4 protein chains.
Amino acid sequence: MTVTKPPFDLRALAFNCSLKSPEQPSSTAVMLGHVREALALHGVDCEIVSAAGFNILPGVRSDEGLGDDWPALRAKVIASDIVIIGSPIWIGQPSSVAKRVLERMDAFLSEAGEDGRMPSYGRVGAAAVVGNEDGAHHVGAEIYQALNDLGFTLAANALTYWVGEARTGREYRDLAPVPESTADATRMMVRNAVHLARLLKNAPYPGKDVGA
Amino acid sequence: MTVTKPPFDLRALAFNCSLKSPEQPSSTAVMLGHVREALALHGVDCEIVSAAGFNILPGVRSDEGLGDDWPALRAKVIASDIVIIGSPIWIGQPSSVAKRVLERMDAFLSEAGEDGRMPSYGRVGAAAVVGNEDGAHHVGAEIYQALNDLGFTLAANALTYWVGEARTGREYRDLAPVPESTADATRMMVRNAVHLARLLKNAPYPGKDVGA
Amino acid sequence: MTVTKPPFDLRALAFNCSLKSPEQPSSTAVMLGHVREALALHGVDCEIVSAAGFNILPGVRSDEGLGDDWPALRAKVIASDIVIIGSPIWIGQPSSVAKRVLERMDAFLSEAGEDGRMPSYGRVGAAAVVGNEDGAHHVGAEIYQALNDLGFTLAANALTYWVGEARTGREYRDLAPVPESTADATRMMVRNAVHLARLLKNAPYPGKDVGA
Amino acid sequence: MTVTKPPFDLRALAFNCSLKSPEQPSSTAVMLGHVREALALHGVDCEIVSAAGFNILPGVRSDEGLGDDWPALRAKVIASDIVIIGSPIWIGQPSSVAKRVLERMDAFLSEAGEDGRMPSYGRVGAAAVVGNEDGAHHVGAEIYQALNDLGFTLAANALTYWVGEARTGREYRDLAPVPESTADATRMMVRNAVHLARLLKNAPYPGKDVGA
């Protein structure tokens, strides 16, 4: 395995979209910690942001005014090569916090340049999903579609996840060790995302020919 | 058409899950106004709540503590026979505000009685969805699944909606008049929801036999 | 528990939408067997149809012509009070066979009477979903939305399901005994569906006032 | 715009997943024709396959035996650099034919090499969706998630689509000319997919280090 050692040459940003305040134990936080470790082995520095700890105002503009924490978070998105949405599963669906983060990136659509490229272009998106039971693929689907519509690229197997058996109550954060199949999915997701982010950094999407 | 005249014998609660603050013009608000008018013709009093104007804390308990506006809204849900989720479409998905409202009702799962019936049992759910373009059926699907999992019953054709042609920007609130097909869907949704709510009020779900 | 003894007063139809041919072992078949047992205790006679064993032609008309087995299956739908879609989960989504069955009921939309009521009106829909891992709620959501749009009513908790832990390979048909929580969900789904089907049989949706 | 002239250096395969037989007029076919024209301008040869004209047996193995047309279609997938799922929208969801095609690629999961790479790795996926009204983003989401889980990579804006206004009945094949915004989405989808396919062809995903 060719591992780029620090100093890091790529940056990742992971949104922890747990409903919990940052100081509470969170399975999503534990999984994103595993993602960050895997990213570091590939020379990628990953910052994890606990979205519920910020005041991300409702809206679809890049700045919703007084008290809005989104502009600072948006700057982190733009400064990153890889963006990961980490979401718990509630009622089989992404968390309202994940939806809020994605919604705020809707502004990218109207911020596309004349060449059709949004501010997010060239960035690689991914998803990390945990729940007691059931829902990871659908949460992945919602995140994939939102990220892709908003200009992100999805490497093969852009999802790592864990869920327990139906109608049971185990927590990812209590698993020791993490099941090997999920650890493997995390490494695969990270490996592919990093590979693609490097390709796109060196060879950006051309955009439409504005001279035409 | 047998119309129960006021005094109303049923109550409905509609959540306007627009991202906008209550004083801004909102297509979701306009559609919920139409739903309310249709409900009134059937003897149902409908209160519309602008969810974005409340401080609904993240979480899945019925009371998330200091400053949480959900407990008062939850009381309105419990006092209603029909609950309508009115959501705009963003990135083809329900709004983060709609997700938050549904998420808070997740607590019903752990509040089911010994007989398996949640506090929501016997209530009829419905959805009213508007967007510039595309996404109404999927937003309906997400709302249906959440409401149904959380104990609500869905009458036939539990969705009324309007969306414009792909990649255009018209707004439901600017349509005059409302297209007859959408007006018809609104009336049908309301007629069926009211019929079912009356049936269930008179003959509640039995729940499991706790003496067994 | 008030149990109506046979002779049965209601009829249910369950589509087994497994990809397997009828003679192969199928977890969906096992689960539908459990649903049928629960229905019988409530006085409901349930026929299970292995959809993959029929030639259901692609299309959205009630009869797609020579060799189409759908017309006979459609007649069974119309003769039933409760219709259950039993689907395995593949790639986190409903099976192509389940999609085909739902698609053929799309014709109900154009077969609505002047009063707006489709041939399906008054019938109660439900879903029974099994998979190795992950996807039941989303498969439920897709089935709910399709059935509801096509005129079926959904009782509270219209889904029973089982899935294993993430990325494992257990099968529902090998579980002995069935986990109590899933058995409980099956009984609840059946109890509610039967209650609602009896209410709607005695008091059908009124439809729009065609004399108006 | 740098356009690679024929001889083509990349190959694309588009599945027309219309429910119609190949000789019937199909909006999906018309849209895929537009996709093929755009691909040709980028030096990509695109074959369009009318899936409903083949006998794709139900199942999740690469060969389901006697009479199965999938093995030949699978060979076309493997010989392609870009794979496009063209689906109509029925009941707001992908067609049963699209589901069948995706389901058959489920076999890739068990055909991954020791290094974790599926036979699909390195290929770029995309979606082209048309309907009378509503559903394109969700159909896109289902296709994205299936393709991505099955090893395909998704370039930014991997969907082109058209739908009409809610509850109307226009057809993409009758639009003349195609709305510029949809034509623009088609070109963008194609431009990005081709760019990414070239990158991945020259620099494949590494897979896990099997010597480790």
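Which residue of chain C comes closest to the rotation axis? Hold that thought while we get our bearings. This is a predicted model, where local features need pLDDT of at least 70, side-chain atom pairs count only at pLDDT 80 or more, and totals for chains, interfaces and linings use all residues. Residues are numbered from 1 along each chain as its sequence is written, while chains are lettered from A and ligands numbered from 1 in the order in which they are written.

Let's start with chains C and D. Turn chain C by 180° with a shift of 0.0 Å along the axis, and it lies on chain D with an RMSD of 0.0 Å (copies are superposed by least squares on the C-alpha atoms of residues with pLDDT of at least 70 in both). Back to our opening puzzle: S96(C) is the residue of chain C that comes closest to the rotation axis, with its C-alpha at 2.5 Å. Both copies use the same surface, as 100% of the contact residues of chain C recur in chain D.

What does that meeting look like? Here 21 residues of chain C are in contact with 21 residues of chain D (in contact means that the C-beta atoms, placed from the backbone, lie within 7 Å). On the chain C side, the elements giving two or more residues are α3 (96–104) and α4 (136–149) (helices are DSSP runs of H or I with at least four residues, numbered from the N terminus). The largest share, 6 residues, comes from α3(C). By class, this side of chain C has 10 nonpolar, 5 polar and 6 charged residues (Ala, Val, Leu, Ile, Met, Phe, Trp, Tyr, Cys and Pro count as nonpolar, Asp, Glu, Lys and Arg as charged, and the others, Gly among them, as polar).

Now hop over to chains A and B. The axes of α3(A) and α3(B) come within 8 Å and cross at roughly 175° (axes are lines fitted to C-alpha atoms, for helices over the stretch in contact, and angles run from 0 to 180 degrees between N-to-C directions). The two helices α3(A) and α3(B) are therefore roughly antiparallel, a label for angles over 145 degrees. In this pairing, S96(A), K99(A), R100(A) and E103(A) meet S96(B), K99(B), R100(B) and E103(B). Those residues divide into no nonpolar, 2 polar and 6 charged.

Chains A and D round off the tour. A rotation of 180° with 0.0 Å of shift along its axis superposes chain D on chain A, at an RMSD of 0.0 Å. The two copies are thus related as by a two-fold rotation axis.

Technical notes: Contact = placed C-beta atoms within 7 Å. Parallel < 35°, antiparallel > 145°, perpendicular 65-115°, else oblique.
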